[in-house]
Amino acid sequence: NGKPVRGSGVKTDLDINSMPVDSEMFLELLTYQLDSLDTATRGLMNMVQSNTAERQRYAQAQSQLEFLRNRAVGNESRGDDRVLYLDEVLNDEQAAAARDQGFVVNPGDTWMDLVSQIPPDILPPYDAARNVDNGRPAMSRGNFDAAKTAAEAKLDALNSRTQLDMLRLNTLMSKRQQIFEMTSNVLKKLDDTKSAIIANMR
């Protein structure tokens, strides 16, 4: 119980019974620690919220990649492989289906416009030197499968990080409650002492 909260720099091994109950310095120390824990808790909560938003984005990207992969068409020059021609303009049905997947689709958009909305750290931007099929910009099903694997790895890492952050957050909340209760006890003892002094002066 006397160890610092990891990541907070706040120590909570104070004992009010060993401190002068009329010491305002002790109360100021408790208040400082409470403020420090509040700051650490807010920072960690922001991290958890940020991780949650990232997890949602990569989960959506997985679904979007599957959608793009399934739109790839066969090509005899590639044998069994299939490619998505990125210069093809979406028709109304394709645009509606893409919007259902969370893509932003404007009139006249091509598949390239949709691919560009995938996080670049899991699906690199189109490379004109490599992603070409019959002279047209294209991406294969293999490209999308590799990106889905990368998205899954990102999600696994974010899930692990979120679990650790939640454990740290619970620890900080518990320590904050301990400091809060300790502060309340000190205030009560100070009030009782003042009351006793006033009563003795009468």
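These legends walk through several close-up views of one predicted model. Local features need pLDDT of at least 70 and side-chain atom pairs count only at pLDDT 80 or more, while totals for chains, interfaces and linings use all residues. Residues are numbered from 1 along each chain as its sequence is written, and side-chain values use heavy atoms, with hydrogens and water left out.

**View 1. The largest nonpolar core, with 25 residues.** A nonpolar core here is a set of buried Ala, Val, Leu, Ile, Met, Phe, Trp, Tyr and Cys residues joined through side-chain atoms within 4.5 Å. Buried means under 20% relative accessible area, exposed is over 50%, and partly exposed falls in between (1.4 Å probe, protein chains only). The residues with the most contacts inside this core are L68, F103, W111, L114, L123 and F144. Two or more residues come from each of α1 (24–70), α2 (92–100), α3 (111–115) and α4 (141–201); helices (H or I, at least four residues) and strands (E, at least two) are DSSP runs, numbered from the N terminus. Zoom in on L114 and you'll find it touching F67, L68, L90, A98, F103 and V105, leaving aside residues up to four places away in sequence. Contact means heavy atoms within 4.5 Å. Another core, of 13 residues, lies apart from this one, and L27, L30, L44 and V186 are among its members.

**View 2. Ring pairs link F67, F103 and W111 into a cluster.** Rings of Phe, Tyr and Trp (its six-membered ring) pair if their centres lie within 6.5 Å; planes under 30 degrees apart count as stacked, over 60 as edge-to-face and the rest as tilted. By that rule there are 2 aromatic pairs. F67 and F103 have ring centres 6.2 Å apart and planes at 45 degrees, so they make a tilted pair. F67 sits in helix α1 and F103 in the loop between α2 and α3, 36 residues apart. F67 and W111 are also tilted, because their planes are at 50 degrees, with the centres 6.1 Å apart. This pair links helix α1 to helix α3, across 44 residues. As for burial, F67 comes in at 6% relative accessible area and W111 at 1%, and F103 is buried too.

**View 3. R136 between Y85 and D87 partners.** R136 lies over the face of Y85, 4.1 Å from the ring centre. A charge sits over a ring if NZ of Lys or CZ of Arg is within 6 Å of the ring centre and within 35 degrees of the ring normal. R136 also forms a salt bridge with D87, the closest N and O atoms being 2.9 Å apart. A salt bridge is a side-chain nitrogen of Lys or Arg within 4 Å of a carboxyl oxygen of Asp or Glu. R136 is in strand β4 (residues 136–140), and D87 is in the loop between β2 (82–85) and α2. Both are partly exposed, D87 at 38% and R136 at 31%.

**View 4. Salt bridges joining α1 and α4.** The structure holds 6 salt bridges. R176 of α4 and D38 of α1 are 138 residues apart in sequence, yet their side chains meet at 2.4 Å, N to O. D38 is buried at 18%, whereas R176 is partly exposed at 26%. K148 and E66 meet at 2.3 Å, N to O; K148 lies in α4 and E66 in α1, so this bridge ties together parts 82 residues apart.
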